[in-house]
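Please work through the exercises below with the sequence and the coordinates open beside you. Each task is followed by a solution that goes step by step.

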Amino acid sequence: MFDSLRKISFWWNVSPKYCANKIIHKFFEECRVGTPLSVCRALQKEVYSWLESLYSKELAEWEELSETAVIDGGFSGLPIWFCWLQGSDDMPELQRQLMERIKRQAGKHPVRFVDIDELKRLDIIPKYAFEAFESGRIRPALFSDLVRVSLLDEFGGIWMDSSIFAARPVPDWCGQFVFLAPKGLNPYPYERYVPFGNEWQSYFLCSYPHALFVHLMREMILEYIRKEYPVIDYFLVFYFAKLLRSKIPVIFDEYKELPDNNEDCELLHLSLCDSNEECIRKKPYFSKSNTFIYKLNRRISYDTDILRLVGEWF
């Protein structure tokens with residue numbers, strides 16, 4: 001009871017509108033019915049406004065910053081980062097298959113596996129952030145977001161979530177940009193729950209070392225952890241990304257230059273959940289798509305035979 005009251009108190013402090021819509025959203029969740037689009041968008045609007053106010057000082061200080069990364073032509077040698085915090089021995093079979101496929105598609109990019117021990121050895125995550133994660137105060141999703149932007153800030157490279165199906169090698173043209181993420185996604189059924197999800201996704205990120213975007217993303221996550229706020233939204237970093245794209249001129253310009261890419265990245269998962277026959281009928285569409293990475297769901301047990309067959313389409 002006390003925990004529920006504490007949550008409601010936090011929701012109210014965000015804004016009364018947020019609190020009301022959050023309660024409505026929870027009602028639909030309990031009923032196992034999809035939350036109406038209007039409620040989702042109202043929630044997201046309130047979260048964005050709250051975070052914009054919370055980080056107003058930092059965003060004002062960052063407005064005049066210049067890009068800190070250098071495009072040096074060495075993109076093809078930057079690593080692909082693959083993370084399973086529990087270690088390779090505890091990795092499920094789907095993640096093993098996806099990691100092996102990434103290795104086959106890696107080209108000149110070395111594939112670096114990261115677990116919790118390797119992160120501590122690299123010494124890129126502050127102690128207080130580790131403690132917040134290990135105590136359960138922050139969710140694994142937020143800690144994973146911190147891991148990816150910390151690795152990219154320090155070393156550069158390509159982050160691929162453990163649920164990424166690498167259909168094709170990462171094209172060399174990605175190295176023409178300081179940072180890159182999926183952009184211009186085609187509609188998908190659950191997009192209402194993902195704030196600004198058609199504009200940007202975190203499960204595939206390319207970056208040169210010390211790119212301003214990933215560096216400031218890291219600063220925003222660390223500041224949120226330091227302030228010990230409850231995680232207001234599972235997709236917290238999507239709001240951070242939107243704030244940086246909207247409020248920091250150099251990042252706004254860099255994002256504007258990014259081409260739409262991986263527009264179909266949310267659609268293969270849906271086809272794999274269809275019957276095998278229906279999935280196979282989608283082969284012409286996916287074979288012609290320019291999408292080179294697809295997001296799967298690590299909680300789904302896909303048919304291994306159809307997954308192997310789909311791998312031959314590309």
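The exercises that follow concern a predicted model, and they go from the sheet to the aromatic pairs, the core, the cysteines and a few single residues.

**Exercise 1. The sheet**

Task: Determine in which order the strands of the open sheet are arranged, and which strands stand at its edges.

Solution: The open sheet is made of 5 strands in the order 2-1-3-6-5, and its pairing is mixed. Strand 2 (111-114) and strand 5 (179-180) each have a single partner strand, so one side of each is left without a neighbour in the sheet, and these two are the edges. Further in, strand 1 pairs with strand 3 (residues 157-160) in the parallel sense over 2 bridges. Across this pairing, Trp81 stands opposite Trp159 in strand 3.

**Exercise 2. Ring geometry**

Task: Classify the ring pair of Trp50 and Tyr229 by its geometry, and then locate both partners in the chain.

Solution: A pair of aromatic rings is described by the distance of the centres and the angle of the planes. The structure holds 28 aromatic pairs. For Trp50 and Tyr229, the ring centres are 5.4 Å apart and the planes stand at 85 degrees; because planes over 60 degrees apart count as edge-to-face, this pair is edge-to-face. Trp50 belongs to helix 3 (residues 37-54), while Tyr229 lies in the loop between helix 9 and helix 10 (236-247), so the pair ties together parts that are 179 residues apart in sequence. As to accessibility, Trp50 is buried at 12%, whereas Tyr229, at 28%, is partly exposed.

Task: Carry out the classification for Trp81 and Phe155.

Solution: The centres of these two rings are 5.6 Å apart and their planes are at 40 degrees, so the pair of Trp81 and Phe155 is tilted. This pair links distant parts of the chain, with Trp81 in strand 1 (residues 80-83) and Phe155 in helix 8 (residues 140-155), 74 residues apart. Trp81 is buried, with a relative accessibility of 0%, and Phe155 is partly exposed at 28%.

Task: Find which residues are linked with Trp50 and Tyr229 into a cluster by ring pairs, and which charged residue lies over the face of Tyr55.

Solution: The cluster joined by ring pairs consists of Phe10, Trp50, Tyr55, Tyr224, Tyr229 and Phe240. Over the face of Tyr55 lies Lys227, at 5.5 Å from the ring centre. An arrangement of this kind also involves Arg245, whose charged end sits over the ring of Tyr255, 4.8 Å from its centre.

**Exercise 3. The nonpolar core**

Task: Identify the residues with the most contacts inside the largest nonpolar core, and the element that gives the largest share of this core.

Solution: The largest nonpolar core has 113 residues, and those with the most contacts inside it are Leu51, Phe143, Phe204, Tyr224, Phe240 and Leu244. Helix 9 (residues 212-227) gives the largest share of this core, 10 residues. Leu244 can be followed further: leaving aside neighbours within four places in sequence, its contacts include Phe213, Leu216, Met217 and Met220, and Leu59, Trp62, Ile251 and Phe252 are also among them.

**Exercise 4. The cysteines**

Task: Explain why neither Cys83 nor Cys206 is bonded to its closest cysteine.

Solution: The cut-off needed here is that a disulfide is a pair of cysteine sulfur atoms within 2.5 Å. The closest cysteine sulfur to that of Cys83 is in Cys206, 17 Å away, which is too far for a bond. For Cys206 the closest cysteine sulfur is in Cys174, at 4.8 Å, and this is again too far for a bond. A search of the whole structure accordingly finds 0 disulfides. Both residues are buried, Cys83 at 12% and Cys206 at 4%.

**Exercise 5. Single residues**

Task: Decide for Ser207, Lys242 and Lys17 whether each is buried or exposed.

Solution: Ser207, in strand 6 (residues 204-207), has a relative accessible area of 1% and is buried. Beyond its neighbours within four places in sequence, Ser207 is in contact with residues including Leu78, Leu152, Val178 and Val214. Lys242 lies in helix 10; with a relative accessible area of 19% this lysine is buried, because the limit is under 20%. Lys242 touches Tyr48, Phe196 and Glu199, not counting residues up to four places away in sequence. Lys17, in helix 2 (residues 16-30), is exposed at 58%.

Technical notes:
Residues are numbered from 1 along each chain as its sequence is written. This is a predicted model: local features need pLDDT of at least 70, side-chain atom pairs count only at pLDDT 80 or more; totals for chains, interfaces and linings use all residues. Side-chain values use heavy atoms; hydrogens and water are left out. Helices (H or I, at least four residues) and strands (E, at least two) are DSSP runs, numbered from the N terminus. Buried means under 20% relative accessible area, exposed over 50%, partly exposed in between (1.4 Å probe, protein chains only). Contact means heavy atoms within 4.5 Å. A nonpolar core is a set of buried Ala, Val, Leu, Ile, Met, Phe, Trp, Tyr and Cys residues joined through side-chain atoms within 4.5 Å. Rings of Phe, Tyr and Trp (its six-membered ring) pair if their centres lie within 6.5 Å; planes under 30 degrees apart count as stacked, over 60 as edge-to-face and the rest as tilted. A charge sits over a ring if NZ of Lys or CZ of Arg is within 6 Å of the ring centre and within 35 degrees of the ring normal. Two strands pair if DSSP finds at least two bridges between them.
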